[in-house]
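User: I am new to this entry and would like a close look at one part of it, with enough of the surroundings to place that part in the whole.

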Amino acid sequence: MAHEALAQAFTQHFGNAPTVKVSAPGRVNLIGEHTDYNEGFVLPCALQFKTLIVAKPREDTIINAFSLQYPEAIEQFDIAEPINPGLYPWGDYLRGVVKELMDAGAPLTGMDIAISSDVPQGSGLSSSAALEVAVGGLFNFSCNLGLTGAQIARTGQLAENNFIDCQCGIMDQLISAEAQFHSALLIDCMDLSTRAVAIPDDLALLVINSNYPRKLADSDYNERRLACEQAAKVMGKSSLRHATLDELNAVKKELSDTVFRRAKHVITENDRVLQAANALAQNELDRLYAIMHEAHLSLKYDFEITVPATDGLVDICMNALAGKGACRQTGGGFGGAVICLCAKHDVQRVINAVNNEYEPRFKLHPDIMLCEPHQGLCVGLF
Ligand code: ADP
Ligand code: MG
């Protein structure tokens, strides 16, 4: 859907025309898993799937909002009152961002808001971050807050941490806020500095959601975080970002085998992200593919966050490509999606293999999404 069509829905609902339009994309992470909360490196890429908002500031303090994806759940709240979770789960992403802005002292006004998105929800493309960044971008523009992309991203992350109670890092919001056209973004999660890395025209990005039902993902995630903290502490480091493999090996006897492997993944993954960014920048795709494959094996054997369904997808794609591409678990794991990189002319071969082999083997239907790198947050007047 384009902004114009959403504007029609806005006018039908509110009786006048919107004045502001916003778009913020979903994302996929090319490489760098479980590194963000260890102050490490990630390399995500924003996609053509976007969350659109059209809006009009109000003279009062009321926020009215609807999403075409939740037409029955119309949001309304007053920013002059304490902001609490509302009736509708989707609306809490809006409330959370508004509350974080208010708590930071931003001079917000009321707003009429219409939302529509083609970012698939819960498919590993971070529809929640796209929504948060779109809302943050809207108020930043309309109320002249003067926030940077990184500040908008941080607001979205805080909303998710404090209001939604999801302890995510900042990657998803930062790439949605700051992505440049046709580039991945190397993010240093220690200081949030970024470097755009151009994606070669011929490189295809295929995201395949396993649709494996996630179970116990939160407790597993917390266990991984604790293991990383523990290993860093034994080495006398504030985070694993500051540790080398030699330093880890030196304390091997003081760590359980599991904690050792968790830390090994993070330390080696940071190195892989930097190498992958260089390989991409130099268009050395065979080197990129090799690094991606190593990254998957590290997640499978050391960090242990893959499941048979995602390992199976990786095997199916790797076999179809016969060395001419790579596939790895992307996102937090315990199900979720894999990302496959290959030349555009090899894409159909991969899709056919997944369509033929995955469902019979795992009794799950895969969602195959051919992705394009796109730019981040855009805000302007109609
Ligand atoms: P994801 O991996 O896609 O970010 P999450 O569970 O973190 O999955 O976020 C999905 C939630 O975000 C949805 O359940 C909904 O509450 C909210 N959301 C995402 N997109 C929209 C939208 N277009 N309109 C309203 N709410 C949305
Ligand atoms: Mg999310």
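By class, how many nonpolar, polar and charged residues does the shell around ligand 1 have?

Analyst: This is a predicted model, in which local features need pLDDT of at least 70 and side-chain atom pairs count only at pLDDT 80 or more, while totals for chains, interfaces and linings use all residues. Residues are numbered from 1 along each chain as its sequence is written, and chains are lettered from A and ligands numbered from 1 in the order in which they are written.

The shell around ligand 1 has six nonpolar and 10 polar residues, and no charged residues (Ala, Val, Leu, Ile, Met, Phe, Trp, Tyr, Cys and Pro count as nonpolar, Asp, Glu, Lys and Arg as charged, and the others, Gly among them, as polar). There are 16 residues around the ligand, and Ser67, Trp90, Ser117, Ser127 and Ser128 come nearest (near: C-beta atom, placed from the backbone, within 6 Å). Two elements, β5 (111-117) and α3 (127-142), each give two or more residues to this shell, with α3 giving the most, at three residues (helices are DSSP runs of H or I with at least four residues, strands runs of E with at least two, numbered from the N terminus).

A UniProt feature, "domain: GHMP kinase N-terminal", is listed in an unreviewed entry for residues 93-177 (such annotations may be inferred rather than shown by experiment). That span is 58% helix and 8% strand, and its end C-alpha atoms lie 16 Å apart. UniProt also places "domain: GHMP kinase C-terminal", again from an unreviewed entry, at residues 279-359, where the chain is 60% helix and 16% strand and the end C-alpha atoms are 34 Å apart.

In the wider setting, the protein chain is divided into domain 1 (3-199 + 374-381) and domain 2 (203-371), with bounds from an automatic or database assignment. The centres of domain 1 and domain 2, taken over C-alpha atoms, are separated by 27 Å, and the contact between them takes 28 residues from domain 1 and 31 residues from domain 2 (contact: C-beta atoms within 7 Å). On the side of domain 1 that touches domain 2, two or more residues come from each of β1 (20-31), β2 (41-57), β6 (183-188) and β7 (193-198), and β2 gives the most, with six residues. By class, that side of domain 1 has 17 nonpolar, nine polar and two charged residues.

β2 also gives 11 residues, the largest share, to the largest nonpolar core, which has 102 residues (a core is a set of buried Ala, Val, Leu, Ile, Met, Phe, Trp, Tyr and Cys residues joined through C-beta atoms within 7 Å). Ile53, Ala276, Leu313, Cys317, Ile339 and Cys340 touch the most other members of this core, and at least three of its residues are drawn from each of domain 1 and domain 2. Leaving out residues up to four places away in sequence, Cys340 touches Leu206, Ile208, Cys317, Gly325, Cys327 and Val350.

In the loop between β6 and β7 lies Leu192, whose phi is near 65°, a positive value in a residue other than glycine. Leu192 is partly exposed, with 16 other C-beta atoms within 10 Å (20 or more make a residue buried, 12 or fewer exposed, and partly exposed is in between).

Methods
Contact = placed C-beta atoms within 7 Å.
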